[in-house]
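Reader: I'm new to reading protein structures, and I'd like to look closely at one part rather than skim over everything. Please walk me through the loops and their neighbouring strands, and explain the terms as you go.

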Amino acid sequence: MTENEFERTLREAFDARARAAVGDQVSPPPPRFATGARSARRHRRARLLAPLAAAAAVIGVVSSVAALRDDSSGDRHEVGVGGQNSTVSSTGSPDLRPTTAGSLPSSSPQMAAVRQVHIKLHNADGAVYGVGMPVIAYFSGMIAESKTLSAATSITVNGKPCHGAWYFERSSALPGYPLEGHLRMSTYWPAHAKIHVGLDTGGRSAGQGRTFDDSLTLDFSTGAQTIAVVDDKTHRMTVTSDGKKVGTFPVSLGSASTPTMSGTKVIMAKGDPICMSGPGYDSCDIRYTQRLSYDGEYLHAAPWNLENIKAGIDSSHGTTNLLPDDAKRLFGVLEVGDIVRYPNASGPLMPVSAGLGDWNVPWKVWLLGGAIPTR
């Protein structure tokens with residue numbers, strides 16, 4: 001290894017260790033979306049202690065790299081490619097910028113651990129989801145390519161094989177799992193269907209010497225095809241279920257300074273009540289909430305905003321304000337995974353990283369794989 005290569009490897013190793021130790025690991029509501037005061041305190045404590053841990057780890061890296069300086073046969077290098085209006089404390093959007101990390105020698109115990117990539121699924125076996133719910137997988141390490149994973153992935157809908165594709169992004173949703181992959185088909189799942197997903201990944205290559213250490217299966221069902229369309233021109237939300245109209249409901253969306261994101265969203269979680277806080281407000285009695293983004297977009301009851309809801313005036317901090325009785329009714333109709341479309345909201349198009357913005361990515365772009373290119 002040359003002097004320049006040694007210095008570069010050392011610099012990259014330090015950077016990778018420091019980012020891993022000090023990086024944003026706030027956990028979002030169970031299992032992916034929860035935040036709270038105690039978790040925030042743990043996060044702050046971790047940030048105070050992390051630089052010391054990072055420095056100790058780098059000393060180990062320096063020793064390993066120094067031993068390799070004159071041994072070109074042990075020189076290895078891996079490259080991992082990575083991946084608005086605030087009304088509620090939540091995790092930030094995943095960073096999609098590429099990252100580069102120096103490797104440890106294969107004889108190192110640390111390297112052996114890094115080379116095993118474990119997969120966890122967010123979705124629950126036996127659950128019933130709306131037709132827009134993607135399959136979400138978390139990876140304990142960056143993978144170098146996705147072709148092996150794609151080849152090991154099978155999907156059946158009511159027993160018939162179907163084609164789906166993965167799209168990847170850097171993630172801080174689950175501590176120790178820096179990569180997140182979403183699996184979906186080109187269209188929504190069929191309604192009232194039984195979905196089986198198989199990941200025959202155990203022992204298969206994850207690229208550049210890494211290996212998947214587990215195989216998984218997932219079985220879930222879909223409910224009715226329930227879709228809500230929120231029209232910011234008429235200030236009405238129309239809900240249909242299996243093609244039949246459930247009702248039309250007045251709404252107030254985000255004001256000009258805190259606009260609601262546009263595009264297709266998926267209900268991520270439900271809560272009643274929950275706490276919300278932001279500039280000028282802090283309440284733990286927000287009823288009938290259905291979450292649409294990490295940064296605080298919800299459907300929810302807003303008894304303090306009745307006049308603006310009825311008059312069709314956008315005045316919220318980005319959320320969709322509903323009359324209390326309407327919010328209660330919709331809390332019983334809509335489920336996690338159901339689609340909520342905002343075709344003409346005043347904010348920017350919701351990206352995948354803002355929540356479950358999967359359906360705002362055209363299928364041709366989705367097939368490219370995102371942070372882990374498939375081609």
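Author: Let's begin with the names: helices (H or I, at least four residues) and strands (E, at least two) are DSSP runs, numbered from the N terminus. What you see is a predicted model, in which local features need pLDDT of at least 70 and side-chain atom pairs count only at pLDDT 80 or more, while totals for chains, interfaces and linings use all residues. Residues are numbered from 1 along each chain as its sequence is written, and side-chain values use heavy atoms, with hydrogens and water left out.

First, a little background. The protein chain has seven helices and 25 strands. Of its 375 residues, 48% count as buried, where buried means under 20% relative accessible area, exposed over 50%, and partly exposed in between (1.4 Å probe, protein chains only).

Now start at the loop between strand E15 (226-231) and E16, where you will find His235. His235 is not a glycine, yet its phi is positive, at about 60°. That is worth a second look, because most residues other than glycine have a negative phi. With a relative accessibility of 14%, His235 counts as buried.

Next comes strand E16 (residues 236-241), which pairs with strand E17 (residues 244-252) in the antiparallel sense over six bridges. Two strands are said to pair if DSSP finds at least two bridges between them. Follow E16 and you can spot Thr238, which stands opposite Thr248 in E17. The hairpin of E16 and E17 has two residues between the strands. Asp242 lies in that loop, and here again a residue that is not a glycine has a positive phi, of about 50°. Asp242 is partly exposed, with a relative accessible area of 39%. E17 has another partner too: it pairs with strand E24 (residues 320-322) in the antiparallel sense over two bridges. There, Ser252 has Asn321 in E24 as its bridge partner.

Moving along the chain, we reach some salt bridges, each a side-chain nitrogen of Lys or Arg within 4 Å of a carboxyl oxygen of Asp or Glu. The whole structure has four of them, and we can visit some. One joins the side chains of Lys265 and Glu297, 2.4 Å from N to O. Lys265 sits in strand E18 (residues 263-266) and Glu297 in the loop between strand E22 (289-291) and strand E23 (298-301), so this pair ties together parts that are 32 residues apart in sequence. Lys265 is buried, with a relative accessible area of 0%, and Glu297 is buried as well, at 2%.

Another salt bridge brings together Lys270 and Glu335, at 4.0 Å from N to O. Lys270 belongs to strand E19 (residues 269-271), while Glu335 is in the loop between helix H6 (324-333) and strand E25 (339-342), so here the linked parts are 65 residues apart in sequence. Lys270 is partly exposed at 28%, and Glu335 is partly exposed at 39%.

Then look at Asp272, whose salt bridge with Arg287 has its closest N and O atoms 2.4 Å apart. Asp272 is in the loop between E19 and strand E20 (274-278), and Arg287 is in the loop between strand E21 (281-286) and E22, 15 residues away. Asp272 is partly exposed, with a relative accessible area of 32%, and Arg287 is partly exposed at 33%.

Asp272 has something else to show you: a cis peptide bond, with omega about -5°, joins it to Pro273. Pro273 also has its place in the loop between E19 and E20. In general, most peptide bonds are trans.

Our last stop is the disulfide, meaning a pair of cysteine sulfur atoms within 2.5 Å. A search of the whole structure finds one, and it joins Cys275 to Cys284, with 2.1 Å from S to S. The link is right-handed, with 110° about the S-S bond. Cys275 is partly exposed, with a relative accessible area of 42%.
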